Protein chains: 2
Amino acid sequence: MNHLADNWIDRFQGLRGLPADIRADLKSGSRIVSVPAGTRVFEPGQSADNLLLLLEGTVRVQHHSATGRDVLLYRVHAGESCVLTTACMLAFENYSAEGIAETAVTAAAIPRKVFDELVAHSSIFREFVFTAYSRRITDLFTLIDDIVFQRMDVRLASRLLELANAEGYVHATHAVLASELGTAREVISRTLSEFHRRGWIEQLRGEIRLLGREGLEQLVRSV
Amino acid sequence: MNHLADNWIDRFQGLRGLPADIRADLKSGSRIVSVPAGTRVFEPGQSADNLLLLLEGTVRVQHHSATGRDVLLYRVHAGESCVLTTACMLAFENYSAEGIAETAVTAAAIPRKVFDELVAHSSIFREFVFTAYSRRITDLFTLIDDIVFQRMDVRLASRLLELANAEGYVHATHAVLASELGTAREVISRTLSEFHRRGWIEQLRGEIRLLGREGLEQLVRSV
DNA sequence: CTTGGTCGGTGACCAAGTCACACAATACCG
DNA sequence: CGGTATTGTGTGACTTGGTCACCGACCAAG
């Protein structure tokens, strides 16, 4: 993991331009943390005191609703910052969103105080942070648009295409897909049956195999 | 309008603690602008070069979708900052959200350059900005939750209670309410008929009169 | 008074979410 | 190893919400 500790800053597009002195502050002021898959990186009510910059793995940010269902809000990938923890850090409000490590995760944790100093002293760091915020906000806009206007079959098709690995397998139960899209498990089951009927997929327990991407892609494009 | 120009900073909770020198910079670096109701304050594709702090009026931030319908994302009220313009200012991405003045609006416009300096030099200003961001993000979370899990009748009832003036009148057409809630006009018409049938409201052209708030409030609470 | 535009109402239909099951595959455990 | 619990999936009946196609009522301008 030492190679990570050395030059992790360059993994972030927006930080590459940082001058040497700020880099040094950032490196010495932060520490590298690793957590296993499934860890709650942050949770409702808990005030975060570190900004996380993801070096490896993905974090799923979701909202747990009163009715017991979850909605996926967005994913944070390696090379992105988990700006929601910033929000937690700096704002008085406590969120009802939680972050869960989907895979094993390695991240650079920047304490509140260091973060504040970096924002004050580096315009590049400022831009990095604000860009991260805007990306999240636009992601949320897109999500809302999707939820309101897009048909479920199209949303599911495009999600399957996203989640499929190189061999065309998607490792996910119907229930997981339902929570990804903020819908009910039954709806996923039915839509998948339909996809199967059309010869686009094959179903296994806990897994879906895409038989070519053409059909699904056409459905997605057809909007 | 001169009384506004003098002490507008104190209208913002988060800015009251600003030290005198920063205040002076903020005041001299910004200017007061007024626009009539209906003005597009910002729009997709246009890169904003001012952060707006609303002194009077409200701005409706909405997303215009490909299907021709609009969704209300949130409202910015007097005493709040329109942080989306910040996002536009600082980020490379161009938004598909637009801001429309719902009433005549007076605002303090802070140019990009001044904004950046203030963020660098004042921790209080920093906190103000980040707090604004977090509030928007949580608002969006709540909206998503609402859309996904809440029944339309409940959402409409609570919106009517919000929008009603002291005399219990809501000045809005069914079409407007539909776009507020991201649904179709017909759905609003039906739900309002149902509310009328229950004796909760009276309908006029372009206007709704609440006959007491108890029924609606009970529906909202019943969730 | 016409005419065109806005506003609201309605029925038929489709898409999606809910509820209540049933049943198969797998995991666990004595 | 076999039995039981848990998890994953399938399905029918029903409700809610969104879409489409229309209509008639109101309103303002000429």
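User: Which element gives the largest share of the surface near DNA strand D?

Analyst: Helix 8 of chain A does, with four residues. A helix here is a DSSP run of H or I with at least four residues, a strand is an E run of at least two, and both are numbered from the N terminus. This is a predicted model, in which local features need pLDDT of at least 70 and side-chain atom pairs count only at pLDDT 80 or more, while totals for chains, interfaces and linings use all residues. Residues are numbered from 1 along each chain as its sequence is written, chains are lettered from A and ligands numbered from 1 in the order written, and side-chain values use heavy atoms, without hydrogens and water.

User: What makes a residue count as near DNA strand D, and how many surround it?

Analyst: One of its heavy atoms must lie within 4 Å of the strand. DNA strand D is surrounded by 18 residues, the closest being A:Arg190, B:Arg69, B:Met152, B:Thr183 and B:Arg190. Of the strand D atoms that come within 4 Å of the protein, sugar and phosphate make up 48%.

User: Why is the approach of A:Arg185 to a base oxygen of DNA strand D called a polar contact?

Analyst: A polar contact is a pair of N or O atoms within 3.5 Å; within protein, one must be able to donate a hydrogen and the other to accept it, and residues adjacent in sequence count only if both atoms are side-chain atoms. A polar side-chain atom of A:Arg185 is 2.9 Å from that oxygen, so the pair qualifies. B:Glu186 places a polar side-chain atom 3.0 Å from a base nitrogen of DNA strand D. For A:Gly206 the partner is a phosphate oxygen of DNA strand D, 2.9 Å from a polar backbone atom.

User: Which residues are closest to DNA strand C?

Analyst: They are A:Arg69, A:Met152, A:Thr183, B:His174 and B:Arg205, out of 19 that surround DNA strand C. Sugar and phosphate account for 58% of the strand C atoms within 4 Å of the protein. A backbone polar atom of A:Met152 lies 2.7 Å from a phosphate oxygen of DNA strand C, and the side chain of B:Arg205 has an N or O atom 2.7 Å from a base oxygen. Helix 8 of chain B gives the largest share of this surface, four residues.

User: What makes A:Arg126 and B:Asp116 a salt bridge?

Analyst: The term needs a side-chain nitrogen of Lys or Arg within 4 Å of a carboxyl oxygen of Asp or Glu. Here the N to O distance is 2.8 Å, so the pair fits. The count between chain A and chain B is two salt bridges.

User: What is the area buried between chain A and chain B?

Analyst: About 3700 Å², with 76% from carbon and sulfur atoms; buried area is the accessible area (1.4 Å probe) that two parts lose on being put together, summed over both. A:Phe130, A:Phe141 and A:Phe149 supply 20% of what chain A buries against chain B, more than any other three residues. The contact (heavy atoms within 4.5 Å) takes 39 residues from each of chain A and chain B.

User: How do you know how the two copies are related?

Analyst: Copies are superposed by least squares on C-alpha atoms of residues with pLDDT of at least 70 in both. A turn of 180° with a shift of 0.0 Å along the axis lays chain A on chain B with an RMSD of 0.1 Å. The two copies are therefore related as by a two-fold rotation axis. A:Ala120 has the C-alpha of chain A that comes closest to the axis, at 2.1 Å. Both copies use the same surface, since 100% of the contact residues of chain A recur in chain B.
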